[in-house]
Amino acid sequence: MAEKTFEENLATLKQIVAQLEKGDVPLEEALKQFEVGVKLSQELQQTLQTAEQSLAKIVNADGTTSDFEPEG
């Protein structure tokens with residue numbers, strides 16, 4: 001099974017939140033959905049942090065990378 005994309009995981013998390021906000025989910029199912037939602041939230045946060053770290057790098061003329069530091 002292929003790994004889901006960031007966008008697919010975000011859509012799933014939104015669906016879980018919408019279901020839980022309705023309040024008509026049985027308690028056992030709500031707890032399961034909550035656990036899945038927390039896991040998805042953590043995975044999404046990690047993906048964002050990784051992307052942010054990648055974007056905060058500069059490619060130097062010699063092809064190496066270094067951390068971006070704004071001049072100030």
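Here is a short chat about two helices, α1 and α2, in a predicted model.

User: Let's start with Asn9. Why is Asn9 called buried?

Analyst: Asn9 has a relative accessible area of 12%, and buried means under 20%, so Asn9 counts as buried. This residue lies in helix α1.

User: What is Asn9 in contact with?

Analyst: Leaving aside neighbours within four places in sequence, Asn9 is in contact with Lys4, Leu40, Glu43 and Leu44. Contact here means heavy atoms within 4.5 Å.

User: Which residues of α1 are buried, and what makes you put them on the same side?

Analyst: The buried residues of α1 are Asn9, Leu13 and Ile16. They cover an arc of only 60 degrees around the axis, which puts them on the same side of α1. There's a general pattern behind this kind of thing: an α-helix has 3.6 residues a turn, so residues three or four places apart point the same way.

User: And what sits on the other side of α1?

Analyst: Over there, Glu7, Lys14, Gln15, Glu21 and Lys22 are exposed.

User: What do the buried residues of α1 pack against?

Analyst: They pack against α2, residues 27-55. Going the other way, the buried residues of α2 pack against α1. Those α2 residues are Ala30, Gln33, Gly37, Leu40 and Leu44.

User: Gln33 is on that list, so how do you know that Gln33 is buried?

Analyst: Its relative accessible area is 18%. The cut-off for buried is under 20%, so Gln33 makes it. Not counting residues up to four places away in sequence, Gln33 touches Ile16, Gln19 and Leu20.

User: Why is Leu20 called partly exposed?

Analyst: Leu20, in helix α1, has a relative accessible area of 30%. Buried means under 20% and exposed over 50%, with partly exposed in between, so Leu20 is partly exposed. Leu20 also helps make a nonpolar surface patch of about 240 Å², together with Phe34 and Val38.

User: How do the spans of the helices compare with what is expected?

Analyst: Helix α1, residues 6-22, has 17 residues and reaches 25 Å from its first C-alpha to its last, close to the 24 Å expected at 1.5 Å a residue. For α2, with 29 residues, the reach is 41 Å, close to the expected 42 Å.

User: What follows α1?

Analyst: That's Gly23, whose phi is positive, near 80 degrees.

Technical notes. Residues are numbered from 1 along each chain as its sequence is written. This is a predicted model: local features need pLDDT of at least 70, side-chain atom pairs count only at pLDDT 80 or more; totals for chains, interfaces and linings use all residues. Side-chain values use heavy atoms; hydrogens and water are left out. Helices (H or I, at least four residues) and strands (E, at least two) are DSSP runs, numbered from the N terminus. The expected span of a helix is 1.5 Å times one less than its number of residues. Buried means under 20% relative accessible area, exposed over 50%, partly exposed in between (1.4 Å probe, protein chains only). The arc is that of the directions from the helix axis to the C-beta atoms. Patches are made of residues with over 30% relative accessible area and no salt bridge: like charges are joined within 9 Å, nonpolar side chains (Val, Leu, Ile, Met, Phe, Trp, Tyr) within 5 Å. Accessible areas come from the Shrake-Rupley method with a 1.4 Å probe; for residues, only the protein chains shown count as cover. A salt bridge is a side-chain nitrogen of Lys or Arg within 4 Å of a carboxyl oxygen of Asp or Glu.
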